[in-house]
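Hi,

Here is the structure I promised to pass on to you. Have a look at it first, and then read my notes below with the model open beside you.

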Amino acid sequence: MSHKQKNLMFGAVLAAMVAAGILAGRCAPSAPKSRRPAGASDLAVAAQATYIAPGDLDEYYLFSSGGHSGQIYVYGVPSMRHLVTIPVYTPYPATGYGFDDDSKAMLGGLTWGDVHHPSLSETGGEYDGRWLFVNEMNGRIARVDLRDFKTRQIFGPMPNISGNHASAFVTPNTEYAMMASRFSAPLANGAAPIDQYATAYKGIIAAVKIDPKSGTTSQGFEIMTPPFDWDLADAGKKVSEGWAFFTCYNSERATGKLEVTASQRDRDYIAVVDWRAAEKAINEGKGDLIGGVKVLDPKKVPGIIYLMPCGKSPHGVDVSPDGKYIVGSGKLQGVTTVFNFEKIQTAIRKQDFTGNEDGIPVLKYEDVKDAEVPVGLGPLHTQFGPDGYAYTSLFVDSAIAKWKMGTWEVVDKIPMSYSIGHLCAAEGDTVSPDGKYLIGLNKLSHGRHLNVGPSQPESSQLVDITGEKMKLLYDAFTEPEPHYAQMIKADKLHPIEVYPKEGNKHPLAIWDVKDAGVTHQGGKALAKVVLVRSTITPQTIEVSQGETVTVALTNIEQTTDELHGFGLLAYNINVVVDPGETKTVTFVANKAGVYPFYCTNFCSALHQEMQGYLIVKPHA
Ligand code: RUQ
Ligand code: CUA
């Protein structure tokens, strides 16, 4: 097909999509018939494949993005049972997250985050089961410790990063997690009128450094780019280790009605970043201090970033398990493009560029691409199996296409109900995917469940990918918004069930009711409290009005599942303390009176009795 014919075809497709209101999201996509397990025997097979008998355990953990709920949802696969919610960026009363002093400080005054891409830590390109990193749009990356499934650090907001969507995507040995600006803006919180967008607004591609021992994150590097809208990323692996890839839309540098203005060009870009070179430049002290961070300008520091043209407004970019191929999907196209890492390297070596964008060299599309795979309409994301097959989600077609790497032939398609965004294969981002299961993370559910009113859940569909043909096994539902998920073999995680007493180094921890009590000093009250079945000691906490009160709560249980809570309704306090843990909560006792506190977690037959009073004596 000639370039012109392709353009015509693309134009027709785009027009059809606009007419159908698909791009504008004005109406629901026509609901394709799902490939529901057909006969009774198919149903029995699907039921058996997903049934986990009472007391039995699932084979995989699924860590699913909770979108603007700010949380991570944990599921078991294949049962698709929701096991637990890990609060990350949003207070969560069920676990007391965001109420005690430490977690409240970690949230830094923000009460929500828009979580997109969970990223499990890796060693040698394999999930190692240590941490889960997850980004949110407000320039932050959080670390969840998989020993206790708790959020342990929230890094950011990173200066200059505006709309951190292309994140977290860790490198194969967890050296870095990626970041980038989706909404370019003047750097260092500068203000410039929107008609100066093309020049005064800047994009940023960045990475957060991760300490390999502790998982602690800190500033890595930032690279200044034109004001493109950086969308997604992936880290290179094996042959492409040391590199990272970022898609963008709006290479037009347009403003206004972007659905039109940012779809003018035939191609946008995938940035090819040599992160080792960027790291070296930072270590050599290069970069200009902007907004408190060293920013590398590709004009002054060449050799760290290149641009490779990719079909109109690409969304996902995914690196194959062997690291040889980079799959980028123009979401307004009917094909997904496969780029060849070796060809990229050759073109860079030969300096075979067609021009530059603000000093960033642009590679020739024909030089670096290997294939355009006709997967279907609206390709978004690609995952991989162990056997050389790739799976691409098709938003507009509402389906998954299975295709063969190397021959580029599309071998199967399965409809999704409805409108799939991301998809997640078992260990699908590693150098050795498991195959077996694939989950379609759909944006809509269109009543494939009991009617729950206008605010409907989204559907996540479990697909069997062991055979030639993909088979739908199960519909599960989740709250907004399942952007992305990762699936790790269950036997890689060994979470603890109690915090061992010896490991509790909290300065306010006490283990004997004899040490419990209230002390006062200089307008401050400190209550050291012991929680153990079925008493809160002391039973009364007496303070004076106006005092700043810190309640330090130690749950001295060493028994699995014996959590105790501390609910103090009148002061909006809700702390949950796990066995062996100490937490503090601090507040000003500004209301005089007598206020009950009680244990919130049903812990024993005498749980109801686990209660007491805060007595706030009025000013004399
Ligand atoms: S997004 S549906 Cu990752 Cu936020 Cu693609
Ligand atoms: Cu402790 Cu209920």
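Let's start in the five-stranded sheet. Strand 14 and strand 15 (residues 293-296) are antiparallel partners, held together over three bridges. If you would like one pair to look for, take Leu-289, whose bridge partner in strand 15 is Lys-294. Please keep in mind throughout that this is a predicted model.

Now zoom out to the whole sheet. It is an open one made of five strands, in the order 8-9-10-15-14, and its pairing is mixed. At the edges you will find strand 8 (176-180) and strand 14 (288-290), each of which pairs on one side only. On average, neighbouring strands here are turned by 35 degrees against each other, direction ignored. Helix 6 (residues 275-283) packs on this sheet and touches strand 8, strand 9 (203-210), strand 10 (217-225) and strand 15. The direction of helix 6 makes about 105 degrees with that of strand 10.

While you are in strand 10, look for Met-224, which has its place there. Is Met-224 buried or exposed? Its relative accessible area is 15%, and since buried means under 20%, Met-224 counts as buried. Leaving out residues up to four places away in sequence, Met-224 touches a list of residues that includes Leu-187, Ile-204, Ile-290, Val-295 and Ile-360. For a sense of distance, Met-224 and Gly-316 are 92 residues apart in sequence and 21 Å apart in space, C-alpha to C-alpha.

Next, a second open sheet. Four strands form it in the order 23-24-25-26, with antiparallel pairing. Strand 23 (379-384) and strand 26 (410-415) are its edge strands, pairing on one side only. The twist from one strand to the next averages 20 degrees. Four bridges connect strand 23 with strand 24 (residues 389-394) in the antiparallel sense, and Pro-379 stands opposite Leu-394 of strand 24.

For a parallel pair, go to strand 35 (residues 540-544) and strand 41 (residues 611-617), which five bridges join. There, Glu-542 has Ile-615 in strand 41 as its bridge partner. Which side chains of strand 35 are buried? Ile-541 and Val-543 are, and they point to one face, while Thr-540, Glu-542 and Ser-544 point to the other and are not buried. This is a nice example of a general pattern: in a regular strand, side chains alternate between the two faces of the sheet.

Helix 7 (residues 341-349) is worth a stop too. Its buried residues are Phe-341, Ile-344, Gln-345, Ala-347 and Ile-348. Why do they sit on the same side of helix 7? Because they cover an arc of only 165 degrees around the axis. Glu-342 and Arg-349 are exposed on the other side of helix 7.

Finally, the ligand. Ligand 1 is surrounded by His-116, His-117, His-165, Leu-232, His-315, His-381, Gly-421, His-422, Lys-443 and His-483. Strand 4 (115-123) and strand 27 (420-426) are the elements that give two or more residues to this shell. By type, the shell divides into one nonpolar, eight polar and one charged residue.

Enjoy exploring, and write back with any questions!

Best wishes

Notes: Residues numbered from 1 in each chain as written. Chains lettered and ligands numbered in written order. Predicted model: local features only at pLDDT ≥ 70, side-chain atom pairs only at ≥ 80, totals over all residues. Heavy atoms only, no water. Pairing = 2+ DSSP bridges. Axes fitted to C-alpha atoms, helices over the stretch in contact; angles between N-to-C directions. Contact = heavy atoms within 4.5 Å. Buried < 20%, exposed > 50% of the residue type's maximum accessible area, 1.4 Å probe, protein only. Near = heavy atom within 4 Å. Nonpolar A, V, L, I, M, F, W, Y, C, P; charged D, E, K, R; others polar. Arc of directions from axis to C-beta.
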